[in-house]
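Let's take a walk through this protein together. Have the sequence and the 3D view ready, and we'll go from one spot to the next.

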Amino acid sequence: PFPRRQNHHQRHHPSQNEMTFKQNFKLPLTKKTKILLLTATTGTAALTLYTTTTTTDSFTNKITSPIHAVPRSSRAISTIALTIADYKLSLRNLPVNSDSYYQKLSEVHLRSAKRILKLCEENKGFYVKAGQFVASLKQVPQEYSLMLSSLQDQAVPCSFTEIKQVLQSNLGRDLKNIFLSFDEQPVAAASIAQVHHAILKDHQEVAVKVQYPGLESQMKIDITTMSFLSKSVAWLFPDYRFNWLVTEFREVISSELDFIQEARNSEKTGKNFKNNKFVRIPRVFWELTTRQVLTMQFCWGHKVDDVEFMKETRINPIKVAKALVEIFAEMIFVHGFVHGDPHPGNILVSPEGPNGFTLVILDHGIYKQLDEGFRQDYCQLWKAMILQDTHKIQQLGKGLGVGKYAKYLPVIFLGRTMNSKAILGKGMSDEEKSSLKQELNYLKVDDLFSFMESLPPDFLTILRTDGLLRSVIRKLGAPQNVRLLAYVKYAIRGLSPKLSPESDSSMKVTFSRLRTNASYLQLRLFLAGLQLLFWMEKVKQFLCTLYRKLLLKCLPGKHDSCPI
């Protein structure tokens, strides 16, 4: 349905009607509407990105999928069309940067978020997963992230009759010959699969994850529909540029649909953390695992953000936050093998283990193997940001491909500017916020897109994982310093040579660990020194203020400067 790309000898010259139509649909790209393209169209873009590999669907599913696709595609097209029209018509003739404009923009955000939420809930599967992805993006307005975040817990389970057919066709045997008992009610349901509790013939408790039937055939049709929508939005909004999102999401979902790959990811993570007493990775039962069925050890626990449960079991939420951050810091900085979806439903707290609790990491479908060069540079970046080494940050920024935008990396990760005088984790002063806001006002929408497109794919994965971790830490009531200190600790460890106790001498391993710990201690002392200087400056300001007040009381009319 789309014309072929034309070469420079056959360039199309738009007619007056075409130009008028596109001008009418071009929104004002102000500071507040820079995120508009990341709201009205990110959802559509995300919905286009699922890809499939070999198909194991039955002939019936191949026939019925196109039939079911008609109402699904119709809902998607009408929803996105209505959303685009709503933004255009609602903001028309309103003075940009006025209070009425911002108020109306927020109202449209909320209405559009509700429409997209309804679309995801009605179309299920593929759309729910896309909605979850959009909710996790930092670029979208709060109205979208809050509304779509409810999709994390609203997946509707499939009937057991259909699930049983998938199980038997994949395992090749009747369930009675494999399981002593099998709970027909799922213990968890997600957008692409659901999990059942079962007991094997040898009395081992297992969790059986089963992919919904017909999902791959259904997604092929959905991709075609959403690709059409995405191209249509791109035609209406010439500034639409989401190639980075397409590539990243396609890789993510293609691996998530393959449960054999998920099982491999789980085992690799288990080996990486075999000496960590805070972590438990469920064991895989390979003889009962296929592309559509994954059988694992059953692990009990509550969501990692369930503070009430922790209070009842006397588990310290701050200690849980610290252990959680250190686990993911080790993934990122040391192993370079990162869990890409650490939302609360995928991490359980179990009141077991030598430390009073254990963190159970679930859902290993989305992982990212970081490029070794990128991992090293990212470790260096965190060390430079903590030390406020501006030259090193700029140098690493060039290597990471962000160039002149490197100065904003401390804002993204630390919440402060590159030359901030505030204590680590305390945020920016009012003066720094005002200066940064003024600087950002000069950025154009092309600058925003150029920055996002310049980021390596590994960086996008880390941004998403870091955003989800921050949210969990906030719910647990832990200060952001917990995250920052854990990151820099493992960044230093990640820069150390990788040694193995099995292959390297014990003396060499011990010396390496001592050197790493010494580097971290040196950095902690540096931070403590900065904190001391900060508080000394605060005390000085307090004494100056007190001196002035006493001077004014004793000698009215005197306004001498503070001699301190």
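In this predicted model, start with two helices: H14, which covers residues 372–387, and H19, which covers residues 457–475. Their axes come within 11 Å of each other and cross at roughly 50°. An angle of 35 to 65 degrees is neither roughly parallel nor roughly perpendicular, so H14 and H19 count as oblique to each other. The crossing itself is right-handed. Which residues make the contact? On the H14 side you'll find Phe374, Tyr378 and Leu381, and on the H19 side Asp458, Phe459 and Ile462. Sort the residues of this contact by character and you get 5 nonpolar, no polar and 1 charged.

Stay on H19 for a moment, since arginine 464 is found there too. Is arginine 464 buried or exposed? Its relative accessible area is 15%, and the cut-off for buried is under 20%, so arginine 464 is buried. What does it touch, leaving aside its neighbours within four places in sequence? Arginine 464 is in contact with Gln132, Phe133, Ser136, Gly340 and Asp341.

Now for the strands. One open sheet has 4 of them, in the order E5-E10-E9-E7, and the pairing is mixed. Its edges are E5 (279–280) and E7 (302–303), each of which pairs on one side only. Follow E5 to its partner E10, residues 358–361: these two pair in the parallel sense, over 2 bridges. If you'd like a particular pair to look for, arginine 280 has valine 360 in E10 as its bridge partner. A helix lies over this sheet as well: H13 lies across E5, E9 (347–350) and E10, and it runs at about 45° to E10.

Another pairing to look up is that of E4, residues 205–211, with E6, residues 293–297. E4 and E6 pair in the antiparallel sense, over 5 bridges. Here lysine 209 stands opposite leucine 294 in E6. How much of E6 is covered? Mostly: 4 of its 5 residues are buried.

Next, a couple of loops with something unusual in the backbone. Most residues other than glycine have a negative phi. Asparagine 93 is not a glycine, yet its phi is positive, at about 70°. You'll find asparagine 93 in the loop between H4 (59–91) and H5 (99–123). With a relative accessible area of 72%, over the 50% cut-off, asparagine 93 is exposed.

Arginine 314 is another case: this residue is not a glycine either, and its phi is positive, near 60°. Arginine 314 sits in the loop between H12 (307–312) and H13 (317–335), and H13 is the helix we met lying across E5, E9 and E10. At 81% relative accessibility, arginine 314 counts as exposed. Compare that with arginine 464 back in H19, which is buried at 15%.

Finally, step back and look at the whole protein. There are 21 helices and 11 strands in it. Of its 564 residues, 47% are buried. And if you take the contacts with a separation of 6 or more, residues 24 or more positions apart account for 71% of them.

Key: Residues numbered from 1 in each chain as written. Predicted model: local features only at pLDDT ≥ 70, side-chain atom pairs only at ≥ 80, totals over all residues. Heavy atoms only, no water. Axes fitted to C-alpha atoms, helices over the stretch in contact; angles between N-to-C directions. Parallel < 35°, antiparallel > 145°, perpendicular 65-115°, else oblique. Left-handed = near helix turned anticlockwise from the far one by under 90°. Contact = heavy atoms within 4.5 Å. Nonpolar A, V, L, I, M, F, W, Y, C, P; charged D, E, K, R; others polar. Buried < 20%, exposed > 50% of the residue type's maximum accessible area, 1.4 Å probe, protein only. Pairing = 2+ DSSP bridges.
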